[in-house]
Amino acid sequence: MNKDTLSDIPTGTLVQGAVEVIERLILEGNIKPGERLREKELESRVGISRTPIREALRCLESHGLAESFPRKGCCVRTISLKSLYDTMEVGIALEEATLRLAHKRINPKGIEALKVYIKGLRASARRKSPTYSLDAETRFIDLLNNLAQNAWLAKQLHVFRRIAQWQRNSYHFVNPDPKKALERYTTIAQMLSEPDTDTEELVRYNSRTLRERYESFIKYAEKNGLNS
């Protein structure tokens, strides 16, 4: 089955399947910020009827990837300076909560997982992979979610990560300093692994470095046509 068609998917999963396909089209830049999400075109493109398409668009609005306007219909959400700062603030708050739980609940298995993560991170840095920083962030968030053991927070972080990924992809942003990313994740892993680490110190370090990383992207986006 083509990854952008859902004609063979059971009716009960059509809406979720349509959400995933349309979301992927947006995240990969095939449908641009501000572009209309026309139900008829999506019906043909995805291969299902308009009713689940309409429901999928409502879900994408709740995910922050789409918005509706009178007489215009549903469009991919545009990216503004305020939306970037809003995303940054939410991401920092979610990671703060997740880190507190991760440090409280970490066990020997979790510490070993952190060691394996850092080992893989150093190997990726040596290869100088162009997707290094994004892959590192994805694995880092997944690992934090496993350590924190909170399904609700994991879901919110997933939504945040998708929005942040879409914003960066829209401006073709790649973290220009992988050494800083390696230092950041290594330090957090070490602090998480130590039971005597001051949790608030850990949270402050993560928040400061995450803010620095996101602000570097905001400056990059401004230089490349971001409207305030």
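# Salt bridges, fold and surface of a predicted chain

Glu39 has a relative accessible area of 22%, and Glu39 is therefore partly exposed. This value, like those that follow, comes from a predicted model.

## Overall architecture

The chain contains 9 helices and 2 strands, and, read from the N terminus, its elements follow the order α-α-α-β-β-α-α-α-α-α-α. Measured against the rule for a compact globule, for which 228 residues would give a radius of gyration near 17 Å, the chain has 19 Å, which agrees. The C-alpha trace extends over about 55 × 40 × 35 Å along the principal axes of the chain, and 43% of the 228 residues count as buried.

A residue from the interior illustrates how positions can be set apart in this fold. Ala102 belongs to helix H4, which covers residues 81-105, and its relative accessible area of 0% is why Ala102 counts as buried. Between the C-alpha atoms of Ala102 and Leu57 there are 34 Å, with 45 residues separating the two along the chain. A second pair, His158 and Thr138, lies 20 residues apart in sequence, with a C-alpha to C-alpha separation of 9.4 Å. His158 is placed in helix H7, residues 151-170, and is partly exposed, its relative accessible area being 38%.

## Salt bridges

Side chains of opposite charge can pair when their charged atoms come close. How many salt bridges does the structure hold? The structure holds 10 salt bridges, and three of the pairs are described here.

Glu39, with which this report opened, is joined by a salt bridge to Arg54, and the closest N and O atoms of the two are 3.0 Å apart. This pair links distant parts of the chain, since Arg54 sits in helix H3 (residues 50-62) and Glu39 in helix H2 (residues 39-46), with their positions 15 residues apart in sequence. Arg54 is partly exposed, with a relative accessible area of 33%.

Glu67 and Arg77 also form a salt bridge, with 3.3 Å between the closest N and O atoms. Because Glu67 lies in strand S1 (residues 66-69) and Arg77 in the loop between strand S2 (73-76) and H4, the pair ties together parts that are 10 residues apart in sequence. The two partners fall into separate classes of exposure: Glu67 counts as buried at 16% relative accessibility, whereas Arg77, with a relative accessible area of 29%, is partly exposed. The assignment of Glu67 rests on the cut-off, because buried means under 20% relative accessible area.

The salt bridge between Glu212 and Arg208 has an N to O distance of 3.4 Å. These two residues are 4 residues apart in helix H9 (residues 199-223), so about one helical turn separates Glu212 from Arg208. Glu212 is partly exposed, with a relative accessible area of 40%, and Arg208 also counts as partly exposed, at 44% relative accessibility.

| Salt bridge | N to O distance |
|---|---|
| Arg54 and Glu39 | 3.0 Å |
| Glu67 and Arg77 | 3.3 Å |
| Glu212 and Arg208 | 3.4 Å |

## A positive patch on the surface

Which residues gather in a patch of positive charge on the surface? The patch consists of Arg122, Arg126, Arg127 and Arg139. Helix H5, residues 108-127, supplies the largest share of this positive patch, with 3 residues. Arg139, by contrast, is found in helix H6, which spans residues 132-148. With a relative accessible area of 34%, Arg139 is partly exposed, and this is enough for membership because patches are made of residues with over 30% relative accessible area and no salt bridge.

## Positive phi angles in two loops

Two further residues are notable for their backbone. Arg71 has a positive phi of about 65°, although Arg71 is not a glycine; it is found in the loop between S1 and S2, and its relative accessible area of 86% is why Arg71 is classed as exposed. His172, likewise a residue other than glycine, has a positive phi near 55°. His172 lies in the loop between H7 and helix H8 (178-193), and at 67% relative accessibility His172 counts as exposed.

Key:
Residues numbered from 1 in each chain as written. Predicted model: local features only at pLDDT ≥ 70, side-chain atom pairs only at ≥ 80, totals over all residues. Heavy atoms only, no water. Patch = residues over 30% accessible without salt bridge, like charges linked within 9 Å, V, L, I, M, F, W, Y side chains within 5 Å. Areas by Shrake-Rupley, 256 points an atom, 1.4 Å probe, with all protein chains shown as cover. Salt bridge = Lys/Arg side-chain N within 4 Å of Asp/Glu carboxyl O. Lys, Arg positive; Asp, Glu negative; His and termini not counted. Charge placed at Lys NZ, Arg CZ, Asp CG, Glu CD. Buried < 20%, exposed > 50% of the residue type's maximum accessible area, 1.4 Å probe, protein only. Rg over C-alpha atoms; globule rule 2.2 N^0.38 Å.
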